[in-house]
Amino acid sequence: MASKRDLPFVYINVATTADGKLAPANRHFVPFGSKRDQELLLELRASADAVMSGARTVGPMPVNLGPGPAKYRKMRSRKGLPQYNLRVVVSGSGNLNPRAQLFRHRFSPIIVLVTRRAPESKLRRLREVADEVKAFGDKQLNFTHALRWLRKKWGVKRLLCEGGGEVNAGLLQERLVDEVKRRAAQAQIVKTGWRRIISGLEHRQIGALK
Ligand SMILES: NC(=O)c1ccc[n+]([C@@H]2O[C@H](COP(=O)([O-])OP(=O)(O)OC[C@H]3O[C@@H](n4cnc5c(N)ncnc54)[C@H](OP(=O)(O)O)[C@@H]3O)[C@@H](O)[C@H]2O)c1
């Protein structure tokens, strides 16, 4: 087991429906977060060395994982952090879209974490747009090794994970999560079939997390 000293502090931030769901089953983006959720997200980013998300969140969405307006960059400076946080994307297969919006915002390094099953052709395309592409694990990403490397090579002491559910699940399975911040929309549609804040796990695997 990895020593906590060589791992970052990991905190997850999610906005959910009133019944704790993260996203619709088809993964279409449904904007149910409030203005306050957005402010909270930026406040949380303001104390992170790196912000991390999964390929199915970053690939299709216009996200840049950055610190946002000057007010939040000043907050970072006051805490002795660089104005812009590092950005990390998880894509086990390397299927992450190299044309994703994220790669058009060049204010800080972008690191893509893949597994050894990612084919060289995909890696080559990602290396053209990312600052570093690094493999950990054969089929599933070995988050423990990846986070230890992020701390050692990139100095990441505080890592904010912004989902989606599959990345959240991977971190939880490896017991790497220190804190979960969840904001539930008060008057939100409660629908069955929506994805939970952890996804891709079977019931017995969820039981094992207890
Ligand atoms: N409400 C919120 O706060 C919030 C936050 C974030 C996202 N979302 C929503 O959640 C949905 C996306 O969530 P999601 O769970 O489908 O996807 P996700 O977690 O964003 O990304 C999943 C992808 O990440 C890679 N990955 C994750 N865990 C891995 C592991 N252990 N090993 C190897 N690769 C791994 C895989 O990439 P490859 O396919 O490339 O192998 C996988 O397909 C979207 O609808 C998004 O809008 C909501």
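Here a trainee and a mentor discuss a predicted model, covering its sheet, its core and the shell around its ligand.

Trainee: In the open sheet of seven strands, which strands stand at the edges?
Mentor: The strand order is S6-S5-S4-S3-S7-S1-S8, and the pairing is parallel. A strand at the edge has a single partner, so one side is left without a neighbour in the sheet. The two that fit are S6 (132-135) and S8 (179-184).

Trainee: By how much are neighbouring strands of this sheet turned against each other on average?
Mentor: Take the seven strands in their order, from S6 to S8. Ignore direction when comparing neighbours. The average turn is 20°.

Trainee: Which residue in S5 stands opposite Val-88?
Mentor: Start with the strands. S4 covers residues 86-90 and S5 covers residues 110-114. They run parallel, joined by four bridges. Opposite Val-88 stands Ile-111.

Trainee: Which element gives the most to the largest nonpolar core?
Mentor: That core has 48 residues. Ala-50, Val-112, Leu-113 and Leu-159 touch the most other members. With five residues, the element that gives the most is S5.

Trainee: Which residues is Val-112 in contact with, leaving aside neighbours within four places in sequence?
Mentor: Val-112 is among the core residues that touch the most other members. The list here is not limited to that core, as it includes Ser-91. In full, the contacts are Val-89, Ser-91, Leu-96, Leu-126, Ala-130 and Val-133.

Trainee: Which element gives the most to the shell around the ligand?
Mentor: The ligand has 28 residues around it, and Gly-54, Arg-56, Gly-92, Gly-163 and Gly-164 come nearest. Elements giving two or more residues are S1 (9-16), S2 (21-23), S3 (50-54), H2 (55-58) and H6 (165-173). With four residues, the top giver is H6.

Trainee: How many residues of the shell around the ligand are charged?
Mentor: Split the shell by residue class. Ten are nonpolar and 14 are polar. The charged residues number four.

Trainee: Is Leu-22 buried or exposed?
Mentor: Leu-22 lies in strand S2. A residue needs 20 or more other C-beta atoms within 10 Å to be buried. Leu-22 has 23 such neighbours, so it counts as buried.

Trainee: How far apart in space are Leu-22 and Phe-32, C-alpha to C-alpha?
Mentor: In sequence they are ten residues apart. Phe-32 is absent from the residues that Leu-22 touches, which include Val-14, Thr-16, Gly-163 and Ile-197. From C-alpha to C-alpha, the distance is 9.6 Å.

Terms used. Residues are numbered from 1 along each chain as its sequence is written. This is a predicted model: local features need pLDDT of at least 70, side-chain atom pairs count only at pLDDT 80 or more; totals for chains, interfaces and linings use all residues. Two strands pair if DSSP finds at least two bridges between them. Axes are lines fitted to C-alpha atoms, for helices over the stretch in contact, and angles run from 0 to 180 degrees between N-to-C directions. A nonpolar core is a set of buried Ala, Val, Leu, Ile, Met, Phe, Trp, Tyr and Cys residues joined through C-beta atoms within 7 Å. A residue is buried if 20 or more other C-beta atoms lie within 10 Å of its own, exposed if 12 or fewer, and partly exposed in between; C-beta atoms are placed from the backbone. Two residues are in contact if their C-beta atoms, placed from the backbone, lie within 7 Å. A residue is near a molecule or strand if its C-beta atom, placed from the backbone, lies within 6 Å of it. Ala, Val, Leu, Ile, Met, Phe, Trp, Tyr, Cys and Pro count as nonpolar, Asp, Glu, Lys and Arg as charged, and the others, Gly among them, as polar.
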